[in-house]
Structures are given as C-alpha cells and as structure tokens.
Amino acid sequence: EDLFEKYKSARAKKADIAKQICLELTVHTMIEEEIFYPACREAGVESDMMDEANVEHDGAKVLIGEIDAGSPDDDFYDAKVKVLSEEIKHHVKEEEKRGGIFTEARRKGLDLDALGEQLRARKEELMARFERDLPAPRTRTMTAPPLEQASA
C-alpha cells in the first residue's frame, strides 16, 4: 500500500517505484503459490476460494509484466499501476476477511507462525535473486496468448 501511495504522489522516479512494486508483488505471489496455498489446499481450505486466489494472482501477474516491460511515458502505464493497486487491495481483503483464506487456514489447524517463517525465508532468497531482473510472469490459470494490438 505504501508503495502504491508513493507512486500516486510521485513526480519523478515513478519507474523506480513501479519496479519496486513489481518486485514485491512478484515475490509475494511466488511465495504464496509455493508455500502458503499448497499448505492451505492440503489442510482442506475450500478449493473455490483457493482457485479464486490463483486467478487473482494471475491477473496481477499480467499487469506486473506490462508495467515491468513499460515506462511511465507509455499510454495506460499509470492506469495499469492504479488497476494493479485496486486488484491487490481486493485480493488482500478476500484473504483477510472473516471466512477468508487466513480464517479458514486457522480453523483447519495450520501453524501460521511456522508457515510465516518459511514465507519470510523464501522471500529473502527471492528478493536477493530478483533484485535486478524480474522473471517473466507465469500464470497458472490463464492460457490465452497475448492479444494483438488493435489496428486503426
């Protein structure tokens, strides 16, 4: 949230802030998909809820890829950052609301403290690895090829 607020009010260095947003969210989606979501599924957290979370991640990954490959001078760049911010706010709200993934994970007896330690360790590893270059976004639920630019 802080980075999105910084971006919104920035006059200069918008590209640097956007790159940091992309890095943070790329690592976040990776650690959730590698560690947290599989643990939740294994514990029996509702599959529809988990499927929606994966689709939300994939939507964010598409925008992250666009932002990372673009520049603040590009058409729609600011709009992409804003929509990404809104998607992330929605995603966090869905995970943290009563009856959301975290509530269900606790109810199913997952050790969230132990999972948190695993997540932190993997985050540190990935942040160091991707500090310079992000990996290409890899979606799990979206299979359509990139759309062609519409011609005038």
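Here is a short chat between a visitor and a guide about this predicted model.

Visitor: Let's start inside. Which helix gives the largest share of the largest nonpolar core?

Guide: This is a predicted model, so keep that in mind as we go. The core has 37 residues, and Ile21, Phe36, Cys40, Leu84 and Ile101 touch the most other members. Helices H1 (2-9), H2 (14-43), H3 (47-69), H4 (77-96), H5 (101-107) and H6 (112-129) each give two or more residues to this core. The largest share, 13 residues, comes from H2.

Visitor: Ile21 is on that list of core residues. Leaving aside its neighbours within four places in sequence, which residues is Ile21 in contact with?

Guide: Ile21 is one of the residues that touch the most other core members. Once its neighbours within four places in sequence are set aside, the contacts of Ile21 are Leu3, Phe4, Tyr7, Val81 and Leu84.

Visitor: Now the open spaces. Which residues are the closest to the centre of the largest pocket?

Guide: That pocket holds about 780 Å³ of space. It has 29 lining residues, and the ones closest to its centre are Leu25, His28, Glu32, Val92 and Lys123.

Visitor: And how many residues of that pocket's lining come from H2?

Guide: By class, the lining of the largest pocket has 13 nonpolar, six polar and ten charged residues. H1, H2, H4 and H6 each supply at least two of the lining residues. H2 gives the largest share, and its count is nine.

Visitor: Lys123 came up at the pocket centre. Which residue does Lys123 form a salt bridge with?

Guide: Lys123 sits in helix H6, and its partner is in helix H2, 99 residues apart, so the pair links distant parts of the chain. Lys123 counts as partly exposed, at 35% relative accessibility, and the partner is partly exposed too, with a relative accessible area of 26%. The closest N and O atoms are 3.8 Å apart, and the partner is Glu24.

Visitor: How many residues apart are Asp68 and Lys19?

Guide: The side chains of Asp68 and Lys19 meet in a salt bridge, at 3.2 Å from N to O. Asp68 is partly exposed at 26%, and Lys19 is partly exposed at 35%. Asp68 is in helix H3 and Lys19 in helix H2, which makes this a link between distant parts of the chain, and the separation is 49 residues.

Visitor: What about Glu104 and Arg107: which of the two is buried and which is exposed?

Guide: These two form a salt bridge, with the closest N and O atoms 2.8 Å apart. They are three residues apart in helix H5, so about one helical turn separates them. The cut-offs are under 20% for buried and over 50% for exposed. At 14%, Glu104 is buried, and at 57% the exposed one is Arg107.

Visitor: Which residues do salt bridges with shared partners join into one network?

Guide: A search of the whole structure finds 15 salt bridges. Through shared partners, salt bridges make one network of Glu33, Asp58, Lys61 and Arg140.

Visitor: Last stop: which residues line the largest cavity?

Guide: The search finds one cavity of 30 Å³ or more, and the largest cavity has a volume of about 30 Å³. H3 and H4 each supply at least two of its lining residues. Its lining has two nonpolar, three polar and two charged residues. By name, they are Thr29, Glu56, His57, Ala60, Glu87, Ile88 and His91.

Terms used. Residues numbered from 1 in each chain as written. Predicted model: local features only at pLDDT ≥ 70, side-chain atom pairs only at ≥ 80, totals over all residues. Heavy atoms only, no water. Core = buried A, V, L, I, M, F, W, Y, C linked by side-chain atoms within 4.5 Å. Buried < 20%, exposed > 50% of the residue type's maximum accessible area, 1.4 Å probe, protein only. Helix = DSSP H or I, 4+ residues; strand = E, 2+ residues; numbered from the N terminus. Contact = heavy atoms within 4.5 Å. 1 Å grid on protein atoms, 1.4 Å probe; cavity = no way out; pocket = protein on both sides within 12 Å on 5 of 7 lines; lining within 4 Å. Points joined across faces, edges and corners; volume = space filled by probe spheres on them. Nonpolar A, V, L, I, M, F, W, Y, C, P; charged D, E, K, R; others polar. Salt bridge = Lys/Arg side-chain N within 4 Å of Asp/Glu carboxyl O.
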